[in-house]
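User: I would like to go through this structure term by term, with each label set against its definition. Please begin once the model is on screen.

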Amino acid sequence: MFESFNALVNEPMSEHTTLKLGGPADYLVFPRSAEEIAALFAEAGAYNLPVTVIGHGSNLLVLDGGIRGLVISIGKNMRAVTRDGNIIRAQAGAMLGTVALEAAEAGLSGLEFASGIPGTVGGGVTMNAGAYDGEMAQVVTRVSGVYPGGEAVSLTNEQMRFGYRRSAVSELNFIVTEAEFELKPGDPAAIRARMSELNAKRSASQPLDVPSAGSAFKRPEGYYAAALIDQCGLKGYSIGGARVSMKHAGFLVNTGTSSKDFYDLMQKVRQIVEERVGVTLEPEIRVLGEEKPSAS
Ligand SMILES: Cc1cc2nc3c(=O)[nH]c(=O)nc-3n(C[C@H](O)[C@H](O)[C@H](O)COP(=O)(O)OP(=O)(O)OC[C@H]3O[C@@H](n4cnc5c(N)ncnc54)[C@H](O)[C@@H]3O)c2cc1C
């Protein structure tokens, strides 16, 4: 199945997520275009297989049993970036860091905040990724994609209904293939300096040398998840090798563990914070796949 797309079969998802966790995908494909994405959905549909779409896997926990059916990774084969004046168009598989750097080279400001976010344009737009007072919603002017049935879709910024770490992509259930950014002219050296400053802040405060999926929880209104977790004395708390980072309590890290331990740690941290400070933490990490059947 999916032979003409060079599908990887029984492919460990731990190789395709920044957390380095997750059981096998039955099939994993890296399409090159919207047409190929539609053809993949058609072929999966013909065999009644479920389809899961991912980007760089930097916001994902894939469970130990892996993902049944087809996983489509909008990544390495869809990375073209073009520029037309102040407008940058990037295919969904382009890494945010690369697009931010290309913008800086061209003397375009607005994407500095995104340079250290280790995801793709497609994942960034879907999640309305943001940092240091910036978010995708401020710079994205149009998002193009394809519905599973093959119909093209093109949405304006307003139609994308960006909110905190969400957008219309998940509600409408389409696959992002390209995004357009409108940026402002600026001094390339100043843009690069701002990017370096933000990235230095990031590496001083975040555990970038250990596998993670970034902040595990969304910011609850009026609070910071990391501060609440720290306040509960949970820095360093672990289940197996899944651990609350000592450097940043909002990051849960994999120091050699299973997805089950990681998932259990997320639940335990939520439970303790709820009991001790009465605030419910909502996961920012998206959980995919199925648990491993227990050996009995
Ligand atoms: C060290 C570290 C630091 C981080 N810092 C930040 C930060 O500062 N700010 C922030 O917002 N996030 C941060 N993140 C989280 C993550 O990088 C972002 O959420 C990123 O936007 C996810 O992009 P991705 O390509 O990895 O998407 P994935 O994790 O692969 O997918 C995320 C979601 O988007 C969907 N998706 C992905 N691509 C597409 C597509 N083309 N079409 C339709 N749906 C799609 C997936 O189905 C999934 O639901 C961090 C993560 C790490 C590991």
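**Terms and values**

Analyst: β7 and strand β13 (residues 175-182) pair in the antiparallel sense over five bridges, and in β13 the bridge partner of Arg89 is Glu180. This is a predicted model, in which local features need pLDDT of at least 70 and side-chain atom pairs count only at pLDDT 80 or more, while totals for chains, interfaces and linings use all residues. Residues are numbered from 1 along each chain as its sequence is written, and side-chain values use heavy atoms, with hydrogens and water left out.

User: What makes β7 and β13 a pair?

Analyst: Two strands pair if DSSP finds at least two bridges between them, and β7 and β13 have five bridges, so the term applies. Strands themselves are DSSP runs of E with at least two residues, and helices are runs of H or I with at least four, numbered from the N terminus.

User: Why do β6 and β7 count as paired, and what lies between them?

Analyst: Four bridges join β6 (residues 81-84) to β7 (residues 87-91), which run antiparallel, with Asp84 standing opposite Ile87. The two strands form a hairpin with two residues between them, and Gly85 in the turn has a positive phi of about 65°.

User: Why are β1 and β3 said to stand at the edges of their sheet?

Analyst: Four strands form an open sheet of mixed pairing in the order β1-β2-β5-β3. β1 (8-12) and β3 (51-54) each have a single partner strand, so one side of each is left without a neighbour in the sheet. For β3, four bridges lead to β5 (residues 67-73), which runs parallel to β3, and Thr52 has Val71 as its bridge partner in β5.

User: How do you know that the ligand makes polar contacts with Gly55, Thr120 and Arg286?

Analyst: A polar contact is a pair of N or O atoms within 3.5 Å; within protein, one must be able to donate a hydrogen and the other to accept it, and residues adjacent in sequence count only if both atoms are side-chain atoms. An oxygen atom of the ligand lies 2.7 Å from a backbone N or O atom of Gly55, one lies 2.6 Å from a polar side-chain atom of Thr120, and one is 2.9 Å from an N or O atom in the side chain of Arg286. Each of these distances falls within the 3.5 Å limit, so the three pairs qualify as polar contacts.
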